[in-house]
Amino acid sequence: MIESLLVANRGEIARRIIRTARRLGVRAIAVYSEADADLPFVREADEAVCVGPANPAQSYRNGEAIIAAAKSTGARAIHPGYGFLSENADFARTVEANGLVWVGPGPDAISAMGDKINARNLVAAAGVPVAPGTREPVADAEAALAAATEIGLPVMVKAAAGGGGMGMAVAADEASLRTEYDRVRGFAERMFGDGAVLIERYFPRVRHVEVQILGLADGRVVALGERECSVQRRNQKLVEESPSPAVTPELRERLVAAAVRAGEAVAYRNAGTVEFLLDPATGEFFFLEMNTRLQVEHPVTELVYGVDLVEEQLRVAAGLAPTVDPDALAPRGHAIELRINAEDPKRFLPGPGAVTAWTEPTGEGVRVDSGYALGTTVTPFYDSLLAKLIVYGADRAEAIERARAAITGFEIAGPKCNLPFFAELLDNPEFLGGDYDTGIVARMR
């Protein structure tokens, strides 16, 4: 096993990685920005290094500072978590060039899947279903219109280099297509440094279902079932559950096979997620994108499959066999994750502030992965995620009941908080029935 690990991230995911590292006897090293000096992950690490001011470009995205921290502390490996530099192929190459172990997929796999158009073409060649759409970037609004006419309006306008629900818009007619093309292209140039745009078929009613894969050290790619991710606001997830209430055993078999083929197409190693759009009316599914990192929602898979995905990541990076039998993986029970964000529960606008009360729920089947605590401050510089509330039950009904009780027992004061939204969702007939889609939050508002 790797003897020392630098965690190139912050908040709840840094704490999550540190927890597993310490359980395994791995020395855990944190990096932090000046704004995060008082957060729990800094105290819980065996060693911590300040890598710059609050601005992520000068701290958590500052590859040079992170490499320097790794060298100065004698770290053997770097775990990037999610976001920041986790899907930056150039940074992964730099890590390896400096003689460090990168706890993630190889840089070539990151590059191959980082461009949505390239990823679509790769997986399509491997036999994975893809939605009707452009195979190359559309050069301008006129080319976008021609593609949309062939595909059929409405269409989805997407940044080729986007991710995490960013850089996407729906266009229902010619006027909106021209507007959204210019807007998405400009956003992509500013955010990703790449203005390439693709056009895809838009599904008015669709579910977002993803498959967790793990590329093993021996070259095999295996899957650990699916997660339902359709409760979203602004194309960004709020709730995930596993197994998906929409997925039958036969559909699961097809989804898993497609995800494994996608991973094999790029000789994938380590943890990754293949995301699909599922048409509930027909049972058809289409490749959306691949996230070449650990996902925010990985805990629901851990609870249902009885596996520590961070440990498996470290084992793959070290060239070791997994702790589980890849041929005997099967879901057991049901898990739901609620993303507790520092945002108002109606319009979901961020609301940072000092934490004046913080009480986490406890009880059977309840897990909390949090980034903050009483006395800390939520700043406006980073993602609004405060904590992840994950519940597990023998079945979906029990998991929902435990989620209700846990929400009642979760107290957060100071910053704005979306806990009331989840109380509303857990009484929503559409959600309770399991027959929901990505429009559920809009219908609730």
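Let me start with strands β10 and β11, residues 221-233 and residues 236-242, which in this predicted model pair in the antiparallel sense over four bridges. Within that pairing, Val231 stands opposite Val239 of β11, and the hairpin that β10 and β11 form has two residues between the strands, with Arg234 taking a positive phi near 50 degrees.

If we stay with β11 and turn to its other pairing, we come to strand β14, residues 334-341, which is also antiparallel to β11, again over four bridges; here the bridge partner of Ser242 is Ala335 in β14. As for how covered β11 is, six of its seven residues are buried, so this strand is largely enclosed by the rest of the structure.

Now I would like to move to the N-terminal strands, where the pairing runs in the parallel sense. Strand β1, residues 4-7, pairs with strand β2, residues 27-33, in parallel over four bridges, and Val7 has Ala30 of β2 as its bridge partner. Between β1 and β2 the chain passes through helix α1, residues 11-23, and these three elements make a right-handed β-α-β unit. On from there, β2 is joined by five bridges to strand β3, residues 47-52, and these two strands run parallel. Ala30 appears once more in this pairing, since its bridge partner in β3 is Ala48. Strand β2 is mostly covered, with six of its seven residues buried.

Next, a single residue, Ser86, which sits in the loop between β4, residues 77-79, and α4, residues 89-97. Is Ser86 buried or exposed? With a relative accessible area of 2%, which is under the 20% cut-off, Ser86 is buried. Its side chain has a polar atom placed 2.9 Å from the backbone oxygen of Gly83. Leaving aside residues up to four places away in sequence, Ser86 touches Pro80 and Gly81, together with Trp102, Ile110, Thr292 and Arg293.

Finally, a word on cysteines, for anyone thinking about sulfur chemistry. A disulfide is a covalent bond between the sulfur atoms of two cysteines. How many disulfides does a search of the whole structure find? The search finds zero. Two of the cysteines can be described individually: Cys229 is buried because its relative accessibility is 0%, and Cys417 also counts as buried, because its relative accessibility is 12%. Cys229, at 0%, falls within the span of strand β10, residues 221-233, which brings us back to the hairpin where I began.

Terms used
Residues numbered from 1 in each chain as written. Predicted model: local features only at pLDDT ≥ 70, side-chain atom pairs only at ≥ 80, totals over all residues. Heavy atoms only, no water. Buried < 20%, exposed > 50% of the residue type's maximum accessible area, 1.4 Å probe, protein only. Polar contact = N/O pair within 3.5 Å; in protein donor to acceptor, adjacent residues only side chain to side chain. Contact = heavy atoms within 4.5 Å. Disulfide = S-S within 2.5 Å. Pairing = 2+ DSSP bridges. Right-handed = clockwise from strand over helix to strand, strands pointing away.
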